[in-house]
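Trainee: I am new to this structure and would like a close look at a single part of it. Please take one place and work outward from there.

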Amino acid sequence: MNSLSGYQKFHNRAEIAVKKIVERIIRSGKISPEDHNALTYTILIDGEVSDSDRRQINRIFDYIQTGRLQLVDW
C-alpha cells in the first residue's frame, strides 16, 4: 500500500466524520462551542478542507442564517 492510498483512506474517513457531526448538529437544532470544536478538530486534523467539507460547513451557516440552528452556550 503506498502512502497516497493510505492518505486517501484517512481523508475519506475524515469527510465521513465531518458529515456525521454536521448531521448530528442539524438534527439537534443547536450548536455549542463543543460541537464547533469537534467539527473544527475533525476538519483541521486532515490538513485541508475539501469541497465536501466546505459544503457541510455551509449547511451549518445556512441553518444559522435561516434560524433553523440555534447557538447555545456561547
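Is Ile 43 buried or exposed, and what is its relative accessible area?

Mentor: Keep in mind that this is a predicted model. Ile 43 has a relative accessible area of 6%. The limit for a buried residue is under 20%, so Ile 43 counts as buried. Across the protein, buried residues make up 28% of the 74 residues.

To place Ile 43, start with the overall order of elements. The protein has three helices and two strands, and from the N terminus on they run α-β-α-α-β. Ile 43 is found in helix α2, which covers residues 33–46. Ala 17 is 26 residues away from Ile 43 in sequence, yet the C-alpha atoms of the two are 8.8 Å apart in space.

Ile 43 is also one of the residues that line the largest pocket. This pocket has a volume of about 210 Å³. Its lining also includes Ile 31, His 36, Leu 39, Thr 40, Leu 44, Ile 57, Ile 60, Phe 61, Ile 64, Leu 71 and Trp 74. Two elements, α2 and α3, give two or more residues to this lining. The largest share, five residues, comes from α2. By class, the lining has 10 nonpolar and two polar residues, and no charged ones.

Helix α3 is the other contributor, and its geometry can be checked. It runs over residues 51–65, which makes 15 residues. At 1.5 Å a residue, a helix of that length should span 21 Å, and the end C-alpha atoms are 21 Å apart, so the two values agree. The buried residues of α3 are Asp 53, Gln 56 and Ile 60. They cover an arc of only 65° around the axis, so they lie on the same side of α3. Ile 60 is also among the residues lining the largest pocket. On the other side of the helix, Asp 51, Arg 55 and Gln 65 are exposed. After α3 comes Gly 67, with a positive phi near 80°.

Both α2 and α3 are also tied to helix α1 by side-chain contacts. The count of salt bridges comes to two. In one of them, Asp 35 pairs with Arg 24, with the closest N and O atoms 2.9 Å apart. Asp 35 belongs to α2 and Arg 24 to α1, so this pair, 11 residues apart, links distant parts of the chain. Asp 35 counts as buried at 13% relative accessibility, whereas Arg 24, at 37%, counts as partly exposed.

The other salt bridge joins the side chains of Arg 59 and Glu 23, at 2.6 Å from N to O. Here Arg 59 sits in α3 and Glu 23 in α1 (residues 3–28), and the two are 36 residues apart. Arg 59 is partly exposed, with a relative accessible area of 24%. Glu 23 is partly exposed as well, with 27%.

To return to the starting point, Ile 43 is a buried residue of helix α2, the element that gives the largest share of the lining of the largest pocket.

Key:
Residues are numbered from 1 along each chain as its sequence is written. This is a predicted model: local features need pLDDT of at least 70, side-chain atom pairs count only at pLDDT 80 or more; totals for chains, interfaces and linings use all residues. Side-chain values use heavy atoms; hydrogens and water are left out. Helices (H or I, at least four residues) and strands (E, at least two) are DSSP runs, numbered from the N terminus. The expected span of a helix is 1.5 Å times one less than its number of residues. Buried means under 20% relative accessible area, exposed over 50%, partly exposed in between (1.4 Å probe, protein chains only). The arc is that of the directions from the helix axis to the C-beta atoms. A salt bridge is a side-chain nitrogen of Lys or Arg within 4 Å of a carboxyl oxygen of Asp or Glu. On a 1 Å grid over the protein atoms alone, a cavity is a set of points where a 1.4 Å probe fits but cannot get out, and a pocket is an open set with protein on both sides within 12 Å along at least five of seven lines; lining residues have an atom within 4 Å of a point. Grid points are joined across faces, edges and corners, and a volume is the space filled by probe spheres set on the points. Ala, Val, Leu, Ile, Met, Phe, Trp, Tyr, Cys and Pro count as nonpolar, Asp, Glu, Lys and Arg as charged, and the others, Gly among them, as polar.
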